[in-house]
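Please walk me through this model in the viewer, one selection at a time. Tell me what to pick next and what is found there.

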Amino acid sequence: MNDFGFYCLTAALLVSLYAFLVSILAGKKVNPILAQSGENAIISSFVLVALASASLISLLIQSDFNNEYVASYTSLDLPRAYKITAFWGGQTGSLLFWTLILTVFSTIVVFQNQTKNRELMAYVCAVLASVELFFLSVLTFVAPPFATLGAQRPADGSGLNPLLQNYWMVIHPPHLYLGFVGFTVPFAFGLAALISNNLNPVWIKTTRRWTLVAWLFLTAGIFMGAHWAYLELGWGGYWAWDPVENASFMPWLFGTAFLHSVMIQEKKGMLKVWNLVLIVMTFEMCMFGTFLTRSGVVSSVHSFAQSNIGSFFVTFIGLSLAISLYFLFRRLQTRQLDPEQRLTAFFSRESSFLFNNLLFLGIAFAIFWGTVFPIVSEAVRGVKVSVSLPFFNNVTLPLAFALLVLTGVCPLIAWRKASVKNFKRNFLYPLIAGILAIPVVMAWGVRGLVPVAFFCACAFVFATVVWEFWKGARARQAAKLENEQPEPFYHAVYMLATTNKRRYGGFIIHVGVVIVFVGIIASSFFRTEQDFVLKPGETGKLKSYTFTYKSFGQRRQENKDIALARVDLFKNGKKLATMRPEKHFHFKGEQPQTEVDILSQFDEDFYIVLVGWDDADAATFKIYINPMVSWIWFGGFVIALGTLFVMVPNRQRRALARTMRQVERHAA
Amino acid sequence: MRPRFVLFVALYLVLAGVASTAQGQNVTREQVKAITSNLVCLCGCGNKTVSVCGCSTADATTREVEQMLREGKTADQIFAHYVNARGDISVLAAPPKKGFNLLVWVLPFLGIFVAGIFLVAKARHWQADTDKREATLTAESARANPSDSADVYRERLTKELEKID
């Protein structure tokens, strides 16, 4: 099975090389037969990579420790589910997983475009094949997943990092990879448009759903990672500005800027160059994130082991960026990327989108700069520095506030040329809501300029969304009244949203963002924490909670020893739950793992950590009361819901798409 | 019971003993956190601060900081202690705001400010271009059809646009 996997991978490398070369030739010669051959090669590479992946998974399940990867990341006592997920638990396996997703997406792109975008597809396949070729080259020559140990084969493997033996860490990497790889598709179309000189905005329309899907998965992956950190790392928080966390956040920021500014190109034919730059940078940031995680240039709890893979990624990033910029500058000179319309007024929605982009990219640059500054400092001056939480919190906080305010202001400004009178009229009610929020939040006990300002900005943004729905539904009702029966308000809202899903789905996403901000500010500024040393039967008190330490015990599972405490939790005299914080001692692990217990409620989380215990049965607990953390996860859910709402076409669009497909098939 | 389990309990007991025998000033949790959230944990986890990293190294460092605060040391003295022990400033969670390290703090805001100025200038330039072009078109239209002033249509158009978003 090991040899079979190796041969499939090697064959995939050769087929990808063929796909790359023949697709370029097809594009240059405008030869449909060569283009079809390139597409067939893309599909073949998917089959081969899938077989190689299946081989590795089979080896993992069988615990074949002759394979170096299997020996490094699994053990005999590892539960089967984690043996399978070890596929993306290590360096080479995760690279193979990435390549598998890329070949799946490439195949889908081929099937989706059998009868459309033919003028672009040869170069699209060339770009996709080039990325496949890079990853397959790394897998073949630098980080082979099918390396064998031969005589050095161990009786048992090293096991999977205990931190990865968690439900959220199982699903978090696949979502991130789906996001990272998903952005390859719009990048491929954008670069193909540049290379082939077909610069009409068809490439943006074609890849809009891909961009949304990639953005959705990346967003979900980031939230899942934060949730995992909250559950597993035992410090009561969810985001520590770890370099690898930053590496996933930066492409998200670029991708979000791209999602916003393509609206301007679609509506006004403006920002063509800027959108191409954005999608190139989004892709490069995805690759940079992968580089950061794997090269070891910055150490992180997420990092794979330091390896020589970094130089390959740097070369690929440099090359792909150089090629993209080369073609961009070539097309700039032909003036084909000139805007169809010019900015009509400084005070317009178009220019507000530009400032929106400025803030997204500004935050991305701040995070990028903070992440790489230790490398820069050591390279330039030979001085080691760290750039951690205090820097990122202080720098991103004011920028995040500005972005939040702009989220509310932008929709109030009209396209083309906003009138001050109209803006004031639209601005008034949300502004009143924002101001009224001040006494309300202060009555709740919120103090401090920063949290009060943020909560007011959240109220303002939420009010703009409500105002937009209200205004639109009332206008619809008024229009209907002239001709037909009066329309109920709820129906008007429903029809308004479903006939303009992009706009109103975007508002739902903004509401999700507001909810997330409320959760982040509340949990960051108003957390309560305290240590308690309790003997069995003793009671502690924190805020309105009392908790009684009941007992301590130990048990053994298949791959670890577990120490656990039972603590009864009460609030206002009423028992809420029995909390069970634990410490896990994995047989193959070095450090004990903290397993916190959390009682999640609408307004706050009761979060308890078993720190330690002594022979006299006294145990030390660290307790956090985290306000509104559940709002963060709920806000993420609302963002996902809003994105799905935008993506699913409404009935009319689906009927139109069906008709178009029938017409194309008939024409073909 | 496994050896690592015993080792963990023993280490915990030592740390707890250190904490309980410490004497001196009263120290609040917030004072300790103000220091530990600005120190990087040296367990090799990356760049997590001591207040965030949940490992035994972070626990030990937290106890040490607590002890030093009880002894009356200031924050600056405690940071200097760890910098001297480490041999470089990488133990600090953020570089001091001076010299070359000022770049890390200043460059993001400077970059946004410069880009913002450029954006404003460019937007105003585009608007001026559009205004000039529209003025030229209006003048040409007025010359061609003096009775049919484009201003009338522009005014109507502006009014209609003001009614919709």
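Start by selecting A:Phe570 and A:Lys575 in this predicted model. A:Phe570 stands opposite A:Lys575, which belongs to strand 5 of chain A. Extend the selection to residues 574-579 for the whole of strand 5, and add strand 4 of chain A; the two run antiparallel and are joined by five bridges. They form a hairpin with two residues between them. In that turn, click on A:Asn572, where phi is positive, at about 55°.

Keep strand 4 of chain A, residues 560-571, and colour it by accessibility: ten of its twelve residues are buried, so the strand is mostly covered, with buried meaning under 20% relative accessible area.

Next add strand 3 of chain A, residues 545-557, which is antiparallel to strand 4 of chain A and joined to it by twelve bridges. These two strands also form a hairpin, again with two residues between them. For one facing pair, pick A:Gly553, which stands opposite A:Leu564 in strand 4 of chain A.

Stay on A:Leu564 and look for A:Glu582: A:Leu564 stands opposite this residue of strand 6 of chain A. Selecting residues 582-586 shows the rest of strand 6, which pairs with strand 4 of chain A in the antiparallel sense over five bridges.

Two loop residues come next. Select A:Lys543, in the loop between strand 2 (539-542) and strand 3 of chain A. Its phi is near 55°, a positive value in a residue other than glycine. Most residues other than glycine have a negative phi. Is A:Lys543 buried or exposed? Neither: A:Lys543 is partly exposed, because its relative accessible area of 45% falls between the limits of 20% and 50%.

Then select A:Met628, in the loop between strand 10 (619-627) and helix 19 of chain A. A:Met628 also has a positive phi, near 60°, and is not a glycine. At 19% relative accessibility, A:Met628 counts as buried.

From there, show helix 19 (residues 629-647) of chain A together with helix 18 (residues 501-525) of chain A. They pack at an angle of about 170°, and their axes are 7 Å apart. That angle makes helix 18 of chain A roughly antiparallel to helix 19 of chain A. Sorted by class, the contact between helix 18 and helix 19 of chain A has 15 nonpolar, nine polar and two charged residues.

Now turn to the aromatic rings. Over all chains there are 53 aromatic pairs. For one of them, select A:Trp239 and A:Phe249: their ring centres are 5.8 Å apart and their planes lie at 70°, so the pair is edge-to-face. A:Trp239 is in the loop between helix 9 (202-232) and helix 10 (243-268) of chain A, whereas A:Phe249 is in helix 10 of chain A, ten residues apart. A:Trp239 is buried, at 19% relative accessibility, and A:Phe249 is buried as well, at 18%.

For a group of rings, select A:Phe87, A:Trp88, A:Phe97, A:Trp98, A:Phe134, A:Phe135, A:Tyr177, A:Phe180, A:Phe313 and A:Phe316, which ring pairs link into a cluster.

Finish with two charges placed over rings. In chain A, the charged end of A:Arg503 sits over the ring of A:Tyr504, 5.6 Å from its centre. In chain B, select B:Lys97 and B:Trp105: B:Lys97 lies over the face of B:Trp105, 4.4 Å from the ring centre.

Methods:
Residues are numbered from 1 along each chain as its sequence is written. Chains are lettered from A and ligands numbered from 1 in the order in which they are written. This is a predicted model: local features need pLDDT of at least 70, side-chain atom pairs count only at pLDDT 80 or more; totals for chains, interfaces and linings use all residues. Side-chain values use heavy atoms; hydrogens and water are left out. Buried means under 20% relative accessible area, exposed over 50%, partly exposed in between (1.4 Å probe, protein chains only). Helices (H or I, at least four residues) and strands (E, at least two) are DSSP runs, numbered from the N terminus. Two strands pair if DSSP finds at least two bridges between them. Axes are lines fitted to C-alpha atoms, for helices over the stretch in contact, and angles run from 0 to 180 degrees between N-to-C directions. Angles under 35 degrees count as roughly parallel, over 145 as roughly antiparallel, 65 to 115 as roughly perpendicular and the rest as oblique. Ala, Val, Leu, Ile, Met, Phe, Trp, Tyr, Cys and Pro count as nonpolar, Asp, Glu, Lys and Arg as charged, and the others, Gly among them, as polar. Rings of Phe, Tyr and Trp (its six-membered ring) pair if their centres lie within 6.5 Å; planes under 30 degrees apart count as stacked, over 60 as edge-to-face and the rest as tilted. A charge sits over a ring if NZ of Lys or CZ of Arg is within 6 Å of the ring centre and within 35 degrees of the ring normal.
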